[in-house]
Amino acid sequence: MNTIIHTANSRGIAQHGWLYSRHTFSFADYYNPERMHFGALRVLNDDTVAPGMGFSAHPHRNMEIISIPLSGDLHHKDNTGRDAIIKENDIQIMSAGSGIVHSETNANHNRQVKFLQIWVLPKELNITPRYQQITLNSDSLKNQLVTIVAPDNDKALWINQDAWFSLGKFDATTNINYQLHQPGNGVYVFVIEGSATINNTTLNNRDAMGITEASEIPIQIEAGSHILLMEVPMITE
């Protein structure tokens, strides 16, 4: 098992008044040649958007874009006619494919919205743009990892890549042995809240670990933790 640690305070910072963001990988004005991507995982932004503000309409092509609200409500609109609100316990994925234009704004004028925006490099280029959204039963996440994104699971959001995302919320200390779905993939573990120990290393709030050359990953997750695992092919851009 090979590992790389990305601590919370090592991430890039963007402050735009209405937006506060921490960038795990190089993005916009944050550039770090050693932090370009982890395999097919290209972007992991931890965004806080002020009340009533947000990202106006802008285009994307050939990227798988996943949004995971942590608190508040996010208003999504795109040029396919989609107009939706996503909130805590919702997961959204958008295959930009041959091209799509969308906006994301804080749906509320009295509270912030906090969400993770994740970009994954696609398996096939120029597919027809598509959108999916699911609402998770919070009880289903209790003390286990649930697959939320996959190329081959009809209970999860479909992704145009050999990638699997798993999410869990833990109110008791739990030991999990994560089994990789595809040989050669890597796993990027992101601690949203709480702490987890992998390979004798403890990760805390917003810390992350990239893991390669492993077929299974033992993880000790502490009570009060919220954990996201992203298994992706270890491709280069």
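Visitor: What share of the contacts in the chain with a separation of 6 or more comes from residues 24 or more positions apart?

Guide: Such residues account for 71% of those contacts. Do keep in mind that this is a predicted model.

Visitor: How many helices and strands are there in the chain?

Guide: The chain has zero helices and 22 strands.

Visitor: And why is the chain called as compact as a globular protein of its length?

Guide: The globule rule gives 18 Å for 237 residues, and the radius of gyration of the chain is 17 Å, close to that value, so the chain is as compact as a globular protein of that length. Along the principal axes, the C-alpha atoms fill a box of roughly 45 × 40 × 35 Å.

Visitor: What makes G12 and A14 differ from I13 and Q15 in strand β2?

Guide: Happy to explain! G12 and A14 point to one face and are buried, whereas I13 and Q15 point to the other face and are not. Buried means under 20% relative accessible area, so G12 and A14 lie under that cut-off. In a regular strand, side chains alternate between the two faces of the sheet.

Visitor: How do you know that β2 and β3 pair?

Guide: Pairing needs at least two bridges, and four bridges join β2 (residues 12-15) to β3 (residues 19-23), so these antiparallel strands count as paired. One of the residues involved is A14, whose bridge partner in β3 is S21.

Visitor: Which residue in the hairpin of β2 and β3 takes a positive phi?

Guide: That is G17, with a phi near 80°; the hairpin has three residues between the strands.

Technical notes: Residues are numbered from 1 along each chain as its sequence is written. This is a predicted model: local features need pLDDT of at least 70, side-chain atom pairs count only at pLDDT 80 or more; totals for chains, interfaces and linings use all residues. Side-chain values use heavy atoms; hydrogens and water are left out. Helices (H or I, at least four residues) and strands (E, at least two) are DSSP runs, numbered from the N terminus. The radius of gyration is taken over C-alpha atoms; the globule rule is 2.2 Å times the number of residues to the power 0.38. Contact means heavy atoms within 4.5 Å. Buried means under 20% relative accessible area, exposed over 50%, partly exposed in between (1.4 Å probe, protein chains only).
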